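Colleague: Could you take one part of this model and look at it closely for me? Please keep it plain, and set that part against its surroundings where that helps.

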Amino acid sequence: MATERVDSVKTYAAVWIVLLILTALTTAVAYVDLGAFSVVAALVIAVVKMLLVALFFMHLRHSTHLTRLVVTGGLVWLMILLLLSFADFMTRGWVGVPGR
Amino acid sequence: MKSWLLTKDHKRIAVLYLATVTLFFFLGGAFATLIRVELLTPQGGLVSSETYNKLFTMHGVTMVFFFLIPSIPATLGNFFLPLMIGARDLAFPRINLLSWYLLVIGGLLALFAMLAGGVDTGWTFYTPYSTTYSNSWVIATALGIFVAGFSSILTGLNFIVTVHRMRAPGMTWFRMPLFVWSMYATSLIQVLGTPVLAVTLVLVFCERVFHIGIFDPALGGDPVLFQHLFWFYSHPAVYIMVLPGMGVISEVISVFSRKSVFGYAFVAFSSVAIAVLGFLVWGHHLFVSTQSVYAGMVFSFLSYFVAIPSAIKVFNWTATLYKGSISFATPMLYAFGFIGLFTIGGLTGLFVASLGIDVHVTDTYFVIAHFHYIMVGGTIMAYMAGMHYWWPKMTGRMYPEGWAKLSALVIFLGFNLTFFPQFILGYLGMPRRYHVYPDEFQVLHVLSTAGASVLAVGYLMPMIYFIWSLRYGALAPANPWGATGLEWKTASPPPVHNFDEAPVVTHEAYDYSTVMGEVIEVG
């Protein structure tokens with residue numbers, strides 16, 4: 001078993017503050033009209049936050065390869081769900097069906 | 001009593017699971033009996049349409065979520081996975097007990113819903129009917145399934161960690177019995193898929209109770225989104241049901257032909273391949289929904305790929321038999337039944353995976369017949385094969401071989417008489433979930449009901465002689481079949497800590513030269 005290497009309280013506090021700032025940023029961006037990029041901006045910030053939580057609070061930075069594989073696997077499966085679902089929702093007008 | 005309810009021994013928990021799922025099997029069977037009796041006549045006079053809707057829903061819910069999903073993993077897997085890899089228990093014994101309690105709580109919730117008035121949405125809970133229109137106990141049933149889902153996730157998690165961390169010295173990945181490989185692949189699906197079902201049921205709850213628009217078009221939702229989310233779990237769930245069965249069959253075929261499984265690594269990896277590919281095909285349940293035709297083509301194409309690892313298994317089992325020293329003991333009879341019935345179920349799966357034919361047979365008895373060939377002809381045949389194969393180890397008693405062979409035959413004949421006419425019915429246009437039907441379908445329906453009666457006798461027989469054998473059966477030796485697995489290297493039934501001495505593995509799985517002296521005449 002990998003020995004538990006935990007980050008210092010200082011690091012945790014710093015990450016926490018960054019997360020708070022990013023949350024504020026998400027709220028702020030919501031008030032600015034970026035057109036199609038509103039969603040992109042919100043999602044980018046969300047992904048950054050997710051990575052910070054996973055890497056620091058969930059100790060992924062110090063984890064074994066197997067643990068990282070498990071996390072990556074989970075993300076890949078989420079992508080399968082989204083990708084193949086959108087293969088339907090994005091293409092409903094592509095091929096016509098008589099009577100539909 | 002207390003020692004059982006608080007046990008952390010994987011073997012005792014397996015027995016608790018066995019009692020629980022057996023109860024649900026006979027409950028689901030009772031619903032099936034009522035359905036088949038109702039369908040004897042075309043007028044639909046026995047029960048009202050509302051009651052009929054509830055009967056097939058509760059049959060499906062009980063059988064899928066409370067019998068088939070936990071059946072092999074939670075009973076045979078729980079009992080034998082640690083033994084087969086030479087471990088003293090699962091990695092998390094307390095979580096194992098918790099998972100049984102979760103199944104019981106989920107089951108009781110579903111039972112409460114059934115007794116309070118039942119649920120009529122079909123086991124698939126399609127929206128917007130389930131969220132907007134149904135006046136039955138949707139939430140209570142969904143909550144029961146939600147809780148039971150966590151039981152499934154915890155079992156899967158426990159098995160994955162156990163296989164990674166608890167293997168005996170010398171038990172490398174490619175020395176593991178194929179049943180362990182199949183349980184590992186099953187566990188992956190349980191852990192990756194079940195949370196999506198849980199999320200979906202929570203969304204149904206949100207829409208039904210709080211009227212948050214997710215699936216209802218009137219509230220800005222999309223009903224087909226439900227089908228995507230539901231089948232993202234429920235199609236792989238079919239492989240949760242059948243992969244463990246395939247693992248059992250690999251063990252049984254090898255032992256009773258006294259040969260190593262042909263193409264061991266291919267069979268092992270085909271389990272993992274089925275687990276992964278199973279997640280890429282769910283859209284084939286949506287061909288006649290408003291799913292885009294483009295997505296339909298993609299899902300149809302991907303669905304065909306599942307046939308490859310499935311065929312690898314069937315051909316490799318057959319090749320294992322070639323020049324084997326075959327004995328026709330009961331588990332082997334069930335295994336033969338499995339191979340034939342699973343092949344029919346699998347091949348008709350290709351029919352319904354193709355866009356054109358599926359439009360014709362969607363929501364007909366063809367589909368009913370197809371998936372019963374997989375779930376009953378496949379999973380339950382394998383479950384029965386496994387139960388007979390490992391019964392001596394689990395209980396220390398032999399079952400009566402003659403009666404057991406007879407039951408295997410009765411079940412095989414009864415099964416085919418029940419479900420083969422349904423292929424024809426469906427192809428002729430008999431829709432599922434209807435209890436009033438045109439007169440010309442009656443002959444086939446009567447045949448099917450007659451088959452169901454035979455099948456019921458077939459299932460009651462093992463129930464009786466297994467219980468009989470607990471008291472009167474001959475004492476089982478440690479290794480009655482001359483099998484190679486580690487579970488046969490300890491007493492029958494195994495001591496609390498499984499092995500008196502920690503086993504060290506020096507051979508591949510299925511090396512019968514190591515058990516030459518242990519062969520005992522069977523059948």
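**A close look at chain A**

Modeller: Read along its sequence, chain A of this predicted model runs α-α-α. That makes 3 helices and 0 strands.

Now take its outline. Along the principal axes, the C-alpha atoms of chain A fill a box of roughly 65 × 40 × 10 Å. The radius of gyration points to spread as well. A compact globule of 100 residues would come near 13 Å, but chain A has 19 Å.

Next, burial. Of the 100 residues in chain A, 21% count as buried, with under 20% relative accessible area. Chain A exposes about 7,300 Å². Carbon and sulfur atoms supply 77% of that area.

What about contacts along the chain? Count those with a separation of 6 or more. In chain A, 61% of them join residues 24 or more positions apart.

Charges come next. Chain A carries 7 positive and 4 negative charges. The mean positions of the two sets are 4 Å apart.

Chain B gives a useful backdrop. It has 16 helices and 0 strands. Its C-alpha trace spans about 70 × 50 × 45 Å along the principal axes. A compact globule of 523 residues would have a radius of gyration near 24 Å, and chain B has 22 Å, which agrees. Buried residues make up 61% of chain B. Its exposed area is about 19,300 Å², with 73% from carbon and sulfur atoms. For contacts in chain B with a separation of 6 or more, 83% link residues 24 or more positions apart.

Conventions: Residues numbered from 1 in each chain as written. Chains lettered and ligands numbered in written order. Predicted model: local features only at pLDDT ≥ 70, side-chain atom pairs only at ≥ 80, totals over all residues. Heavy atoms only, no water. Helix = DSSP H or I, 4+ residues; strand = E, 2+ residues; numbered from the N terminus. Rg over C-alpha atoms; globule rule 2.2 N^0.38 Å. Buried < 20%, exposed > 50% of the residue type's maximum accessible area, 1.4 Å probe, protein only. Contact = heavy atoms within 4.5 Å. Areas by Shrake-Rupley, 256 points an atom, 1.4 Å probe, with all protein chains shown as cover. Lys, Arg positive; Asp, Glu negative; His and termini not counted. Charge placed at Lys NZ, Arg CZ, Asp CG, Glu CD.
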